[in-house]
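Open the model in your viewer and keep the selection box at hand. What should you select, and in what order?

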Amino acid sequence: MPLQSSGPISLNEIHIEAGGASGTTASINDADIRALIGKSSGATMSFNEWYGASANAFPGSGEDSWFTNGFSDLPTAQQFSQNYTNATYAQVGCNSGYQNDQANDRIASRTTGFTSAAATVYTYDYIGYDGHATTTFQAKCDYSVNDTGFVGSVENPASYSPASGTWTNISTSTYSPIWQWKVTVNSGSGTRTLSSLSGTDPDFSVRAGTSGSGISGTARTLSLQATRGNQGPPGGICIHEDMLVSTQNGQESIHTVKDSVSKIWAWNNETSSKELVDLLQINIIKHDNLYTVNNLKLTEDHPVYLEGYVRASIDPARTLENYEVTVSQLAVGDKMMKEDGTLETITSIEVLAEEHVTYTLKTEHNNFYADGYLVDSEI
C-alpha cells in the first residue's frame with residue numbers, strides 16, 4: 001500500500017514499499033527506492049518526497065500506454081463510424097467497455113461497431129498492472145453527441161451508460177461500465193443520425209484508484225447513420241453458435257466468451273503445442289450456408305485443420321473469393337486435428353438447413369478450438 005502522506009517516514013518503510021525485507025540493508029540511492037519517486041542516481045532527495053509513494057503501477061512494467069488493436073488506439077475510427085441502408089430495417093451502433101481481470105492482473109478493453117447487415121465485431125486488448133490486486137479501477141468517457149432526424153429511435157447513449165465525465169467503478173466480473181450509442185430505423189422512410197462532429201468526440205480514460213487523471217487514448221469522432229430505404233449489402237462468416245470454445249475456464253459458449261476475459265486455447269504450429277493466448281476479436285452473424293462435418297457445424301467457406309496442419313474447407317473457391325486464402329478441398333476420409341492431440345476421420349458432410357447464428361474469433365495464432373476441433377480464425 002502507498003506510504004503515508006505526512007509525519008515521520010523511515011528508510012526501512014520506504015525499503016519495504018519498494019519490495020525489500022524489513023530490517024535489511026538499504027540506502028536512499030538504491031535503484032528500487034529511487035524508482036518510487038522517479039529520481040536518478042546521485043540526485044538530491046529528501047524523505048518527504050516519498051510521501052504517498054507506491055510500488056503499484058498502472059500501466060505495469062513493459063505495458064502499452066493505451067489499448068490498441070495493434071495499429072491504432074481503441075476504439076478505432078472505423079468502429080465508431082457506421083452507415084447502413086435497408087429497405088425494411090436499419091440499425092447501426094458502437095460501444096466500448098472495460099473489465100478488471102484480477103486473475104491475470106490486467107484491465108480488459110472490449111469495443112465494437114455493428115450494423116444490422118454485417119457481423120458484430122468485438123475487438124479486445126489488455127493492459128497489465130503491478131501491485132493493484134485489490135485496487136478499485138475506474139473508467140470515464142467525455143462526450144457530447146448530437147441527434148438529427150425524425151424517423152426511428154436512438155440510444156444517446158444507452159440508459160446504462162454513465163454520463164459524460166463521470167468516473168465509474170470497473171467491474172471484476174463483467175464488462176462494465178459500457179458506453180453505447182445506437183440508431184434504429186424500422187418504420188417510416190428516411191435517415192436518423194448520431195454525430196459528435198459539432199459536439200465532443202468520445203474520449204475514454206482509465207485509472208487505478210479513485211483519484212487522478214489516469215490514462216487516455218485518442219478521442220474518436222462518432223458518426224452513426226441508419227436509413228430505411230434501399231437494400232444494403234449482406235455480411236459474411238463461420239462456426240455455429242452451439243460449438244463451444246476451449247478457454248482457460250473450460251468449454252464455454254461464444255455468448256459467454258464475448259462477455260468474459262478468458263484466455264483462449266490455440267495451436268502454435270512452430271512449437272507443435274497448445275497455448276493459452278489472448279482473445280483479440282469476435283465476429284457474430286447469422287448464416288444459412290452451414291454444413292455438419294461429423295459433429296462440427298460450420299459454413300461452407302470456413303477452414304478447418306487436417307492432419308499435418310493443412311487448411312481445408314467444404315468450398316475452397318468460396319474461401320478464396322471471400323478471404324483470399326487458398327485451402328484444400330475437405331472430403332470424407334480426411335482426418336481433422338483435435339484438441340486432445342488425436343485425429344478424427346471425417347465420415348459425413350451434410351447440409352444444415354435454415355439460418356443460424358454463427359461466429360468466429362481471432363487469436364495471435366489465427367486459430368482456436370470449436371467443440372474440440374482446430375479451426376481457422378478466418379479474420
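The stops below run from the whole chain to single residues.

**The whole chain**

Start with everything shown. This is a predicted model. Colour by secondary structure: the protein has four helices and 28 strands. Turn it along its principal axes, where the C-alpha trace spans about 75 × 60 × 30 Å. Now switch on the surface. About 16,800 Å² is exposed, and carbon and sulfur atoms supply 46% of that area. Of the 379 residues, 47% count as buried.

Next, colour by charge. There are 20 positive and 42 negative side chains. The centres of the two sets lie 5 Å apart.

**The nonpolar cores**

Hide the surface and select Ile-282, Tyr-359 and Leu-361. These residues have the most contacts inside the largest nonpolar core, which has 33 residues. Which elements give two or more residues to this core? Helix H3 (254–257) is on the list, together with strands E4 (120–128), E17 (281–287), E19 (296–299), E20 (304–306), E26 (356–362), E27 (367–370) and E28 (373–376). Select them as one group.

Then move to another core, which lies apart from the largest one and has 32 residues. Good handles are Ala-90, Cys-141, Trp-179 and Phe-204, which are among its members. As background, nonpolar side chains tend to be buried together in soluble globular proteins.

**Salt bridges**

The whole structure holds 14 salt bridges. Three are worth a visit.

Select Asp-242 and Lys-297. Their side chains meet in a salt bridge, at 3.6 Å from N to O. Asp-242 sits in the loop between strands E12 (239–240) and E13 (245–247), and Lys-297 is in strand E19, so the pair ties together parts that are 55 residues apart in sequence. Asp-242 is partly exposed at 43% relative accessible area. Lys-297 is also partly exposed, at 22%.

Go on to Lys-263 and Asp-278. The closest N and O atoms of this salt bridge are 3.9 Å apart. Lys-263 lies in the loop between H3 and strand E15 (264–268), while Asp-278 lies in the loop between strand E16 (273–277) and E17, so this bridge links parts 15 residues apart in sequence. Lys-263 has a relative accessible area of 23%, which makes it partly exposed. Asp-278 is partly exposed too, at 23%.

Now pick Lys-274 and Glu-339. This salt bridge spans 3.1 Å from N to O. Lys-274 is in strand E16 and Glu-339 in the loop between strands E23 (335–337) and E24 (343–345), so the pair joins parts 65 residues apart in sequence. Are the two partners buried or partly exposed? Lys-274 is partly exposed, at 30% relative accessible area. Glu-339 counts as buried, because its relative accessibility is 18% and the cut-off is under 20%.

Finish by adding Asp-101 and Arg-106 to Lys-263 and Asp-278. Salt bridges that share partners join these four residues into one network.

**A negative patch**

Bring the surface back. Select Glu-63, Asp-64, Asp-105 and Asp-130, which form a negative surface patch. Centre on Glu-63, in the loop between helix H2 (31–35) and strand E1 (81–86). Glu-63 is partly exposed, at 36% relative accessibility.

**Backbone details**

Return to sticks and stop at Pro-75, in the loop between H2 and E1. The peptide bond from Leu-74 to Pro-75 is cis, with omega near -5°. Another cis bond runs from Ser-176 to Pro-177, with omega near 10°. Pro-177 lies in the loop between strands E7 (168–169) and E8 (178–185).

Next, check phi at Glu-354. It is positive, about 75°, although the residue is not a glycine. Glu-354 is in the loop between strand E25 (349–352) and E26, and is exposed at 64% relative accessible area.

Asn-366 also has a positive phi, near 60°, and is not a glycine. Find Asn-366 in the loop between E26 and E27. Its relative accessibility of 31% counts as partly exposed.

**Last stop**

Select Tyr-143, in strand E5 (residues 137–148). Tyr-143 is buried, with a relative accessible area of 12%. Draw a distance to Tyr-89, 54 residues away along the chain: the C-alpha atoms are separated by 28 Å.

Note on methods: Residues numbered from 1 in each chain as written. Predicted model: local features only at pLDDT ≥ 70, side-chain atom pairs only at ≥ 80, totals over all residues. Heavy atoms only, no water. Patch = residues over 30% accessible without salt bridge, like charges linked within 9 Å, V, L, I, M, F, W, Y side chains within 5 Å. Areas by Shrake-Rupley, 256 points an atom, 1.4 Å probe, with all protein chains shown as cover. Lys, Arg positive; Asp, Glu negative; His and termini not counted. Charge placed at Lys NZ, Arg CZ, Asp CG, Glu CD. Buried < 20%, exposed > 50% of the residue type's maximum accessible area, 1.4 Å probe, protein only. Core = buried A, V, L, I, M, F, W, Y, C linked by side-chain atoms within 4.5 Å.
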